[in-house]
Amino acid sequence: MSAGAAKYAVGFIGIGKMGLPMAKRVAGHGYPVHAYDTAAAALQPLTAVSGVQAAKSLAELARACEVVILMLPDSKVVKKALFGEGDALAAHLKKGAVVIDMSSSNPSATRELGPRLKQAGVDLIDAPVSGGVKRAIDGSLAIMAGGEPAVIARVKPLLLTMGKEVIETGMLGSGHAMKALNNYVSAAGLLAACEALKVGADFGIAPDKIVAVLNVSSGKNNSTENKLMQFIVPGSYNSGFSLGLMKKDINIATDLAHSLGADTLLGEVLLKSWADAEAKLSGAADHTEIYRMLEK
Ligand code: NAD
């Protein structure tokens, strides 16, 4: 499994908003890609991409690939793809294969899956990403990887087709923990930015002036820079990251904190805000639509 001329076959499961551009980048770097998604329509945009073939089943994909990447909604779906009844990966993976869970999964679930795969001679690492669809397209995702360093090293060239940096965070599950903690901070920054935008606009300040001031001042954050003028002020709400997935990540972070006996005062506010928004707008709404909850 070297970065040499002959590239190993890569299975890519979950061809959604993130999985599609990520799988394209892997194929674009010469890895033969076997793609799978339960929604047939999700595979359609890959039909014309050179080096990609659609797998008919998870079993077929597992038998064909040395490395399998998962980019799925959550740990429940990841577990089902690996060990579910009927068509599933684990029983068919090659000995020595590596499974990379790039989904934003729950770290405790990941730590249970690792030893189960090990019994089948398969290594698991977690390598979730940050940066959204835009950075998935240009291959500049931030990747945080947990697991055995030797296993991460084996697949690092593959990871670097999708991201510009791989930060090794430690034991299996630590990447997933960091991903949830990052989105906890991101959600807090987004909510604060939305509240400031709403109050400033109600006071009579033009939205572009509000954002301009924030972005040269100490209130600047990822949402003021990359979300307010892009998705919220124009009302397009099309960042490509759903409200339901953000709520899942906040839940993972607060559950992790509680399991360690830590308080998350801000976390309770974030959970309630995103739960209310999901109930009102649906989990499929864009996560930036949290702003609409502030409108009377
Ligand atoms: P998405 O809903 O667009 O894509 C998920 C895909 O998985 C869908 O195509 C769905 O059909 C497929 N799927 C569901 N169950 C399946 C199964 N059992 N087997 C095979 N395929 C199945 O979601 P997304 O926005 O691409 O996010 C994917 C993961 O990446 C999530 O864990 C999310 O939290 C994380 N993430 C998303 C973003 C973002 O900006 N969208 C950024 C970073 C991380």
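Select K17 to begin: a backbone N or O atom of K17 lies 2.9 Å from an oxygen atom of the ligand. The model on screen is a predicted one, and the distances and areas given along this tour are computed from it.

**The ligand and its surroundings**

Keep the ligand in view and add M18, where a polar backbone atom is 2.9 Å from an oxygen atom of the ligand. Then add S104, which also places a polar backbone atom by a ligand oxygen, in this case at 3.0 Å. Taken on its own, the ligand has 830 Å² of accessible area, and the protein covers 86% of that area.

Next, widen the selection to the whole shell, which consists of 23 residues, with M18, D37, L72, G240 and K248 the closest of them. If you colour this shell by class, you will find twelve nonpolar, seven polar and four charged residues. If you colour by domain instead, you will see that domain 1 (10-171) and domain 2 (177-295) each contribute at least three residues to the shell around the ligand.

**Salt bridges across the sequence**

Leave the ligand now and turn to the charged side chains. Side chains of opposite charge can pair when their charged atoms come close. A search of the whole structure finds ten salt bridges, and a few of them are worth selecting individually.

Start with K118 and E148, whose closest N and O atoms are 3.0 Å apart in a salt bridge. K118 belongs to helix α5 (residues 107-119), whereas E148 sits in the loop between β8 (141-146) and α7 (149-159), so this pair ties together parts that are 30 residues apart in sequence. Is K118 buried, exposed or partly exposed? With a relative accessibility of 42%, K118 counts as partly exposed, and E148, with a relative accessible area of 42%, is partly exposed as well.

Move on to E278 and K247, where a salt bridge joins the two side chains at 2.6 Å, N to O. Here both partners are in helices, E278 in α13 (residues 265-281) and K247 in α12 (residues 243-259), so the pair ties together parts that are 31 residues apart in sequence. E278 has 25% relative accessibility and therefore counts as partly exposed.

A further stop is R292 with E289, a salt bridge in which the closest N and O atoms are 2.5 Å apart. R292 is partly exposed, at a relative accessible area of 34%, while E289 is buried, at 11%. To see how salt bridges can be linked, select K118, D123, E148 and R154 together, since salt bridges that share partners join these four residues into one network.

**Two buried residues to finish**

Select H287, which lies in the segment after α13. H287 is buried, with a relative accessible area of 2%. Which side chain does H287 meet in a polar contact? Adding K227 to the selection shows the partner: a polar contact of 3.0 Å joins the side chains of H287 and K227.

Finally, return to helix α5 and pick out T110, which has its place there. T110 counts as buried, at 2% relative accessibility. From T110, draw a distance to A279, a residue 169 positions away along the chain; the C-alpha atoms of T110 and A279 are separated by 28 Å.

Key. Residues are numbered from 1 along each chain as its sequence is written. This is a predicted model: local features need pLDDT of at least 70, side-chain atom pairs count only at pLDDT 80 or more; totals for chains, interfaces and linings use all residues. Side-chain values use heavy atoms; hydrogens and water are left out. Helices (H or I, at least four residues) and strands (E, at least two) are DSSP runs, numbered from the N terminus. Buried means under 20% relative accessible area, exposed over 50%, partly exposed in between (1.4 Å probe, protein chains only). A residue is near a molecule or strand if one of its heavy atoms lies within 4 Å of it. A polar contact is a pair of N or O atoms within 3.5 Å; within protein, one must be able to donate a hydrogen and the other to accept it, and residues adjacent in sequence count only if both atoms are side-chain atoms. Accessible areas come from the Shrake-Rupley method with a 1.4 Å probe; for residues, only the protein chains shown count as cover. Ala, Val, Leu, Ile, Met, Phe, Trp, Tyr, Cys and Pro count as nonpolar, Asp, Glu, Lys and Arg as charged, and the others, Gly among them, as polar. Domain bounds come from an automatic or database domain assignment.
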